[in-house]
Structures are given as structure tokens and as C-alpha cells.
Amino acid sequence: MKFQLNRYRRQVYWLQGILCSLTVACGWSVGMPSTLAAETVTILLGPFQQSVAIADLEKFAKTGKLPDNLQLFSSILTPQVRELLTRRLQVDPAFADQFFDELNRNPAGKQFVSSLTAAIPGSSIESLQVAMNIALRQANGLSPLGFLRAYPEENITVDASQVVSLAVEFNPNYWQSQVFGALLARESSIENSNLFQKKLDPAAIGKETIQQQTFILQDRQRNRSIPVDIYWGGSNTRDPLVVISPGFGANRRFFSYLARHLASHGLSVAAIEHPDSNVAAVVRANNKASLAKLLPASEFVNRPKDISFLLDELATLNIKPGLLQGKLNTEKVTVIGHSLGGYTALALVGGEVDLPQLRQFCQNSLTIGEAPGDWLQCAAASLPGKKLRLKDERVNNAIALNPLVGNLFGKNGLTQVSKPVLILTGTEDALTPALKHQIAPFSQLQGEKYLLSAIGGTHLSISDPRYLGSNANTIVRERRGEETKALRQLLQGVSLAFVKQLTPEAKTYQQFLTSAYAQSLSTSQLPLSLVSELPANLKSWLKLVER
């Protein structure tokens, strides 16, 4: 009897997971009924199976109350499941016919479609495409229940073990970014990019001998101990200082290759480490399920202030006798940041954090199906006040690599940025999905701007292959190392060219901030795109992020 009860409980837990996973996995692929619409869902788990009427699920999703014939599933059909059943993915109806095709063209999309076929026994690529094309034409978005209704069979059978694995990695924002990125690459492509001629190779190592020194700076006013590595290779005091800010859970060695590359071309580089959001801080967190302990809200203020404090300290060091005297131009600064460091760079160059809009999202719109970056940003929601203005006038431009943006700056916070900004996005970034965290923010910027897109790039694709943190297990698949070598080469060249825009050599390096240069380093496995404005026919996608 005890064995049977435990087996029943395991089946219930499995079924609850299945329903949750089904809604997440199918959240991007739903719509209106076809001529022959599904009426029931049969869930398979080995020899166990159970049928559920879709109409009953719709009543539950609408009212929150379980019909009598679903009372048996009261432990399964939780408010969280109800939320997922009605969750919608927004897709521009004008691209409905292209969505499935684009999804099925890239390797990750093909793998997902193949897995989805396996998760729905008896389905085919054709049946999935028919249902999706019908569903995608709905202007109010796609929901899991709509997908079930659109499927062209009276009953849709789901293999639980297959669906559970699908739900872990995929979410609607991620797939929006996948398809948008592919369309962007095609719209911005140019012919004969291989004919790009360059007498100077900005991605090649420079001629300067690289020197390095480590400092531990003490900010006694804020009780922060701030490590920083200084790299330098030249003696031109007029060249800008570059400051590199790593992402959440990373240290100052994350971009060692980029720091050394810039120093080899005569620039001075300061790679900073933020004490309350580095590797050690994450390890110290006692309760990693609590955002307040994992990432203090104060870190969204302290990170930009760390860099302002660093500039104050380096300004003093610059006039003291020693190896670094005259090598630290703290009045002309480029900040390069990755992920949470990308947020830091955008805040320093003039972005204003909109706390009321962030709180509204975190209280009303945050669901379990959101990307990790959408959850992480909500650590800032408890900060007091309405606006965070952390701009430092010494920062002349910024490079934000896979930045964590989401709702931090609201709808207008980045319109305050008038200085040059370059944003890197990866279309397979499941942690900070491209459309919401990089492409929509890019459209807000008011000054000179560039969007560098890696079609197939992930969140850690540009990390230093020698960085130990890059070898750690991650919750999603990452493309890095040798397969993203071309992207790191492009980042080296584009970063140098971007910084050089603050020098008399600006015109010489302007040619490397072009589509032709980006595509000269593209590969079939990792297409690369660089634009200064989104193609007009793709701008309608940005409205989806605002809904």
C-alpha cells in the first residue's frame, strides 16, 4: 500500500511538472483553432497515461476555479500552472510565414523542432508547421492553450519525458530573439563582404609591450575593497582610458584577452572587480534562492559608483611618480561591460534607471517562464525612490556586451543617452534574450550607436577561453572556445576601432565599424552583423517587447 501511494505521488508530481513544462515549451507555438481542432490532451509517462479535456483547462485558465471533473488534479493545476496556460508569446503577424522557416534553419531551432516532434508522438514537421502558421497570425499573441486548439487532431498526445527536457532551456523571449536575429542578419547582409580590404588589422596584436599591475583600492566611505588590474603598453597620455566591468558572478580576469589586446595597441586598461557581485560573493550567499542575498539591490548603485571611485583614484595615481605616471587619462574614458557590467556601462554613460516601471514588471508580469536575466533585474526593485541617475561625465562612450537591461531603464531611460554606444547581442543568449535586453534598448539610444549581432552567439561566447569561470557548468548551453574565435576577433577589432573614435585616428579606424568589416569575419557557423540602425521593416517587432 505504501509503495502504491508513493508511486501515485510520484505520478502526480510528474504530471504537475509535465503540465508546467508543456506550457513553457509550447508557449511560442500556439494560436487559433484549425478545421480539425484538438479536444483533449493525453499525457504519457511510461505505462501511465491520463486524458484532460482542453475545454476544462480553458475554464480553469479563465476563472481559476477547477471544474468538478478536474478536482482530481487540484494538486497539479496550481495558480502557477494557470498563469502559464495563458502566457503569450508576441510575434509580428507580418512574419508569421517566416517564423517557422527561420526557426527550422538554425541548428538550435532544428534540434528544438525535432525534439518537439518526439514530444508529440504521431506529429510531423508538416503538422507542427500548419498549426503554427495558423496560430502566428493572431495579433494578440500565442498561448499554450491556443496551440493545443490549433493542432489538427482531435486528441494531442504528449510524451512527458520528452517535454520536461524541452522546457528547461527554451522560453518565448529566447525564440523571439532567435527569429529576429536571423531576419536582422539577412536584412543587413551585403554582397562581396569578403572583398573588404584593410591595410591595418585591428584584430591583430599590437606592437606595444604589455605591462600589468594589480591594485586593491579601499573605498572607506562605502566600506568596499575593490581589486583592479591595470594593463598598459604605450605612453600617449592623450589616448582614452578603458575600464572593463565584468558580469554577475565573474571576476576581473573575464576579459583578460581583450584588455591585453587593447594595451598592445597603446591603450591603458583598468579591469575592475565588483566585490558584492563577483565569484566570491556568489559563493558566500547562504540562501541562493533569495535574490536579496544572491545579489544585493545596492549593487545596482554601487557598481557604477565603483567605477567613478576608480577614476578618482587613478587620477591621483596618474600624477604620482611611478610606472603609471601620465598613462591614465581619466577625463576621457570608455567603459566596456558584460551582462550586469553592460548595465553598469549604460548607467555611467547616462541611462536612467526607472524604478517604478521595474517594480510594476516584477510585481505584475514576472512569471516562472521568464529568462534568468528578467529575474535577476528584480533584485533592484527594492531600491528607494523613482530614478537612479549614475552618469559620470568622464565616461565619453560605452560598449555593452550582452547587457542585462530588461526593464531596468523602463521605456525612456535610455533615451537620455546621447553619447556613442556599441551593443553586442547573441541570438542564442538564453540568459539575457536579445530582443528584450539588447535590441529594444538599442532602439532607444539617441546618439551615435552600433549593434553587433552574433547569429548563434550565447551569453558567454566572448569570454576569455583561459578564464576558469568559463569552464563551470551553466544552466543553458553555451557556445564558446574555438567555435566562437571569429566573434572574439571581431570584438577585438571593433572595440579598438570604437575607442579610437575618441582620438585623432578616428577616421582611420571608422572603416572597422561597418557591416563589411563584421561580415569579413563571419562564418557559416556564426554569422556576424554590424548595423547603426535597425532595418525599417523590422522595427515593428520592437512593439512586441512593450506589450
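A contact here means heavy atoms within 4.5 Å. On that basis, in this predicted model, L262 touches V242, L267, V269, I336, S495 and L496, with residues up to four places away in sequence not counted. L262 is found in helix α10. Its relative accessible area is 0%, and the residue is buried. One of its partners is remote in sequence: L262 and S495 are 233 residues apart along the chain. In space, their C-alpha atoms are 8.2 Å apart.

The whole of helix α10 follows a similar theme. The helix spans residues 256-264 and is mostly covered. Of its 9 residues, 8 are buried. These are S256, Y257, L258, A259, H261, L262, A263 and S264. The cover includes four strands, β5 (224-232), β6 (241-245), β7 (268-272) and β8 (333-338). It also includes helix α18 (485-499). G266 follows α10 and has a positive phi, near 95°.

Confidence varies along the chain. The mean pLDDT of the protein is 80. A value of 70 or more is reached by 73% of the residues. Over residues 1-35 the pLDDT is below 50. Beyond near neighbours in sequence, this stretch has 82 contacts in the model.

The strands that cover α10 belong to a sheet. It is an open sheet of 9 strands with mixed pairing. The strand order is β4-β5-β7-β6-β8-β11-β12-β13-β14. Strands β4 and β14 (528-531) form the edges, each pairing on one side only. From one strand to the next, the twist averages 15°. Within the sheet, β6 and β8 run parallel and are joined by 5 bridges. S245 has G337, in β8, as its bridge partner.

Two further helices pack on this sheet. Helix α14 (residues 340-348) touches β6, β8, β11 (395-401) and β12 (421-426). Its direction makes about 150° with that of β8. Helix α17 (residues 434-444) touches β12, β13 (449-454) and β14. The direction of α17 makes about 155° with that of β12.

Charged pairs were examined next. Side chains of opposite charge can pair when their charged atoms come close. The count comes to 19 salt bridges. One of them joins the side chains of D306 and R222, at 2.8 Å from N to O. D306 lies in helix α13 (residues 299-318) and R222 in the loop between β4 (211-219) and β5, so the pair ties together parts that are 84 residues apart in sequence. The two ends differ in exposure. D306 is buried, with a relative accessible area of 0%, whereas R222 is partly exposed at 21%. The value for R222 lies above the cut-off, because buried means under 20% relative accessible area.

A second salt bridge brings together D276 and R224, at 3.1 Å from N to O. D276 sits in the loop between β7 and α11 (279-284), and R224 in strand β5. This pair also links distant parts of the chain, 52 residues apart. Here the acidic side chain is the partly exposed one: D276 has a relative accessible area of 29%. R224 is buried, at 4%. Both pairs belong to a network of salt bridges that links D219, R222, R224, D276, E299 and D306.

R394 and D392 form another salt bridge, with the closest N and O atoms 2.9 Å apart. R394 is buried, with a relative accessible area of 16%. D392 is buried as well, at 8%.

The structure also holds 1 disulfide. It joins C362 to C378, with an S to S distance of 2.0 Å. The torsion about the S-S bond is about -95°, so the disulfide is left-handed. C362 lies in helix α15 (residues 355-364). C378 lies in the loop between α16 (372-377) and β10 (387-389). The two cysteines are 16 residues apart, and the pair links distant parts of the chain. Both C362 and C378 are buried.

Methods:
Residues numbered from 1 in each chain as written. Heavy atoms only, no water. Buried < 20%, exposed > 50% of the residue type's maximum accessible area, 1.4 Å probe, protein only. Salt bridge = Lys/Arg side-chain N within 4 Å of Asp/Glu carboxyl O. Disulfide = S-S within 2.5 Å. pLDDT = per-residue confidence, 0-100. Pairing = 2+ DSSP bridges. Axes fitted to C-alpha atoms, helices over the stretch in contact; angles between N-to-C directions.
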